[in-house]
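Below is a set of questions and answers on one protein chain and its ligand. Each answer works toward the value or name asked for.

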Amino acid sequence: AHQWRGVIREYADRLPLLDGAPVVTLGEGGTPLIHAEQLSERVGAEVHVKYEGLNPTGSFKDRGMTTAISVAAKHGAKAVICASTGNTSASAAAYATKAGMTCGVLVPDGKIAMGKLSQAIAHGATLLQVDGNFDDCLTLARKLAEAYPVELVNSVNPARIEGQKTAAFEIVEALSDAPDIHCLPVGNAGNITAYWKGYGESLSPAGDLAPLATRAPAMWGFQAAGAAPIVLGHPVDQPDTIATAIRIGNPASWELAEAARDESKGVIDSVTDEQILQAHRLLSSTEGIFVEPASAASVAGLLQMHEKGLVPAGARIVCTVTGHGLKDPAWALKNADGSDVQPTRVSVDAVTAAAALGLEG
Ligand code: F0G
């Protein structure tokens, strides 16, 4: 059986930036594209979910971190740094460890999901809680990388985009062409930039390889309503959303996201926290796919577009869900009305247990 070799080796012909770099990999990529039957029926289209929570550290960041850390290793870097709402820090910490580098992470005070924080610490990163939001953390990280011998591994690093574009290649291969529409959450806007680059490159040959696709999808990006600078057309000073991963008020790749939207004839819109949590619940309870809240913004956005009558009947649609549900599991333990889910207590007795399970004899 074929063992997946990680995105650098699998897509070497399409990653010229990595030529001559040592390969630092944890086997990222090769994630499942799952046909979402309930969701398809609901929106009258053919919907597939790209489950990026199944990457080694539980988010799509690993695709860009294998490339960023490999390029840093090629440069002889001993240390890397990033700003993060959590997932980037978990990924950077793991790949830096694999490469024998030290890792510094700058996170906004008190707004990081527990799973992500524990990963960064487990992998030995030096964690600085910054008295400010993500945008302040990124400004600080950029200053440090300019003035000190440390490599910045945020998505402003071109190697990150190179790695992340491979998700588009996988989708095109799985569907034998690009979908009609691609939905994804937008935070710092690196990922929408990367997917658009990947779909664009799928139209051309690479090395000995034939083009993968005959067309490119419309890119539909979704921000959280309390952190929707691209939708509003101005930076948001105090971004706020329960989807902490995308709690970003001034995205670094703002213009590139707008270019992806406009060139693809797509949209960037916003969804409320309530819509995000509904989509989060729908994915886990009807599709069997557990994601962190920010990831559900893609599906919340698709449902909103459907309600507006903007989903073409029968369209082929891919929704990327970016991070695993175990990153931020507490949301699953709340009922729709906000109360805590309570386990049903039973004694060691088959009749009572069967009744509680709704089983009939
Ligand atoms: N979904 C998740 C789970 C994320 O962690 C992020 C970004 C996004 C979506 C948005 O992607 O920034 O490329 O538009 N997380 C970054 C981090 C900011 O620090 O982990 P984007």
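Q: Which residue of β2 does Ile 34 stand opposite?
A: The model is predicted. In it, β1 and strand β2 (residues 46–51) pair in the antiparallel sense over three bridges. Across this pairing, the residue of β2 opposite Ile 34 is Val 49.

Q: What is the strand order of the open sheet of six strands?
A: The pairing in this sheet is mixed. β1 (33–35) and β9 (267–271) are its edge strands, each pairing on one side only. From one strand to the next, the twist averages 25°. The order is β1-β2-β10-β7-β8-β9.

Q: At about what angle does α8 run to β10?
A: Helix α8 lies across three strands, namely β1, β2 and β10 (316–321). Relative to β10, α8 runs at about 140°.

Q: Why is one side of β5 and of β6 left without a neighbour in the sheet?
A: The open sheet of four strands has parallel pairing and the order β5-β4-β3-β6. That puts β5 (126–130) and β6 (151–152) at the edges, so one side of each has no neighbour because each has a single partner strand.

Q: Which residue of β5 stands opposite Leu 106?
A: Strand β4 (residues 102–108) is joined to β5 by five bridges, and the two run parallel. In β5, the residue opposite Leu 106 is Leu 128.

Q: Which strands does helix α6 touch where it packs on the sheet?
A: Two helices can be taken in turn. α4 packs on the sheet, touching β3 (79–83) and β4, and its direction makes about 175° with that of β4. Helix α6 (residues 134–147) also packs on the sheet, with a direction at about 155° to that of β3. The strands touched by α6 are β3, β4, β5 and β6.

Q: How far apart are the C-alpha centres of domain 1 and domain 2?
A: The domain assignment splits the protein chain into domain 1 (7–59 + 160–333) and domain 2 (61–156). The distance between their C-alpha centres is 22 Å.

Q: Which element gives the most to the side of domain 1 that touches domain 2?
A: The contact takes 42 residues from domain 1 and 35 residues from domain 2. On the domain 1 side, two or more residues come from each of α1 (7–10), α7 (158–164) and α8 (166–175). By class, that side divides into 18 nonpolar, 17 polar and seven charged residues. With five residues, the element giving the most is α7.

Q: Which elements give two or more residues to the shell around the ligand?
A: The ligand is surrounded by 22 residues, the closest being Ser 84, Gly 187, Asn 188, Thr 322 and Gly 323. The elements giving two or more residues to this shell are α4 (87–99) and α9 (190–202).

Q: How many residues of the shell around the ligand are polar?
A: Domain 1 and domain 2 each supply at least three residues to the shell. Six of the shell residues are nonpolar and two are charged. The number of polar residues is 14.

Q: What is the largest C-alpha distance among the residues that UniProt places in the feature "binding site"?
A: The UniProt record, an unreviewed entry, places this feature at Asn 87, Gly 187, Asn 188, Ala 189, Gly 190, Asn 191 and Thr 322. These residues are spread over 236 residues of sequence but cluster in space, with a largest C-alpha distance of 14.3 Å.

Q: In which helix does Gly 190 lie?
A: Gly 190 is one of the residues in the UniProt "binding site" feature, from an unreviewed entry. The helix that holds Gly 190 is α9.

Q: How far apart are the end C-alpha atoms of residues 24–323?
A: An unreviewed UniProt entry annotates residues 24–323 as "domain: Tryptophan synthase beta chain-like PALP". Over this stretch the chain is 42% helix and 17% strand. The end C-alpha atoms are separated by 21 Å.

Notes. Residues numbered from 1 in each chain as written. Predicted model: local features only at pLDDT ≥ 70, side-chain atom pairs only at ≥ 80, totals over all residues. Near = placed C-beta within 6 Å. Nonpolar A, V, L, I, M, F, W, Y, C, P; charged D, E, K, R; others polar. Domains from an automatic or database assignment. Pairing = 2+ DSSP bridges. Contact = placed C-beta atoms within 7 Å. Axes fitted to C-alpha atoms, helices over the stretch in contact; angles between N-to-C directions. UniProt positions renumbered as here; feature names shortened; annotations may be inferred.
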